Amino acid sequence: MQNFISIADTTDINALVRAGIEAKADPFKDQHLGKNKTMGLLFFNASLRTRLSTQKAAQNLGMNTIVMNVGTDGWGLEMEDGVVMNADKAEHVKEAAAVIAQYCDVIGIRAFAGLQDRDKDYAELVMNQFKKYAGVPIVNLESATRHPLQSLADCITIEELKTKPRPKVVLTWLPHFKALPQAVANSFCEWMNPWDVDLVVTHPQGYELAPEFLGNATVVYDQNEALENADFVYGKNWSSYQQYGQVLTQDSTWMMTAEKMARTNNGKFMHCLPVRRNLKVTDEVLDSDASVVVQQAGNREWSAQAVLRDILIDMATKK
Ligand code: CP
């Protein structure tokens, strides 16, 4: 694997899932791979899990890590080519990416959607410009439209917990007052579609995901109907794709409750975190045995390690 920007950079999801599970069982077996290599982690947005788990994974592989909150501590970065830089952006990504690559062998980047301009967000300018100008492997730490390290951790979690070969997995929209990106929901569908699960997506009218991400998933607008016999319930809020970036409803009847979980097949509740308690999901669900959100977050370390291992092996074979 040369980069990890989307699922298109992977050839075998199951091999990555297995590598993650093997890393979890024996975290330091590949320490030699990252010796004298440095991973730079650039954050344009806040993070807890991604920041800590990716550093830990890199260190498990013997890498050094440098973390920078570029969104607050760096020069404002111009991403567009050919512009007159007479506004608030002091540095162009063309120099910045190339310079960072002088210090780092692999670069991880978190840059959320602006939620103002759909075409701009869905063009993934930040990831693509860093890929174009850095010349070293790029890892997506959540971009405008995708969060593939989260999705791989979700696959690992489902693989660990599933009790049948083809579980029913329900992605359900949950209420929130803020406009949140579609990245986690998009990515989850993108990874579940080719995998061995029956994927059902449920949300209020107006929250349809982009068709290229929804894929062959079944959309059911009645949340209670969607949850029937679910083996996994994946909760997430996202803003509208059609009426881009808008909050169309905050309908609290979409909150996940114990009564709703009772409709499932002893289903597990998943969420990428952070999650707002009693707004999106009740204390009762999060504090129950059905909730696997901490195990899921723990698996972020192993998804990052599986990806970085693959990138380091690819780098070593090209020497
Ligand atoms: N799930 C996730 O990406 O968490 P952070 O935003 O805290 O990194």
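**Exercise 1.** How do the residues of the shell around the ligand divide into nonpolar, polar and charged?

*Solution.* The model is a predicted one. Begin by listing the shell: Ser47, Leu48, Arg49, Thr50, Arg110, His147, Gln150, Cys272, Leu273 and Arg300 surround the ligand. Then assign each residue to a class. The outcome is three nonpolar, four polar and three charged residues.

**Exercise 2.** Which atom of the ligand lies 3.0 Å from a polar side-chain atom of glutamine 150? Find the polar side-chain distances for arginine 110 and histidine 147 as well.

*Solution.* Take arginine 110: an N or O atom of its side chain is 2.8 Å from an oxygen atom of the ligand. For histidine 147, the distance from a side-chain N or O atom to a ligand oxygen is 2.8 Å. With glutamine 150, the partner is a nitrogen atom of the ligand, at 3.0 Å. Next, consider burial: the ligand alone exposes 260 Å², and the protein buries 94% of that area. Finally, rank the site: the ligand takes the space of the second largest pocket.

**Exercise 3.** Why does the ligand lie between domain 1 and domain 2?

*Solution.* First set the bounds: domain 1 covers 7–146 + 300–317, and domain 2 covers 150–297. Next, compare these bounds with the shell. Both domains supply residues to the shell, so the ligand lies between them.

**Exercise 4.** How many residues of domain 1 are in contact with residues of domain 2?

*Solution.* Start with the separation: the C-alpha centres of the two domains are 26 Å apart. Then count heavy-atom contacts within 4.5 Å. On the domain 1 side there are 27 residues, in contact with 32 residues of domain 2.

Key. Residues are numbered from 1 along each chain as its sequence is written. This is a predicted model: local features need pLDDT of at least 70, side-chain atom pairs count only at pLDDT 80 or more; totals for chains, interfaces and linings use all residues. Side-chain values use heavy atoms; hydrogens and water are left out. A residue is near a molecule or strand if one of its heavy atoms lies within 4 Å of it. A polar contact is a pair of N or O atoms within 3.5 Å; within protein, one must be able to donate a hydrogen and the other to accept it, and residues adjacent in sequence count only if both atoms are side-chain atoms. Accessible areas come from the Shrake-Rupley method with a 1.4 Å probe; for residues, only the protein chains shown count as cover. On a 1 Å grid over the protein atoms alone, a cavity is a set of points where a 1.4 Å probe fits but cannot get out, and a pocket is an open set with protein on both sides within 12 Å along at least five of seven lines; lining residues have an atom within 4 Å of a point. A molecule sits in a cavity or pocket if more than half of its atoms lie within 2 Å of its grid points. Ala, Val, Leu, Ile, Met, Phe, Trp, Tyr, Cys and Pro count as nonpolar, Asp, Glu, Lys and Arg as charged, and the others, Gly among them, as polar. Domain bounds come from an automatic or database domain assignment.
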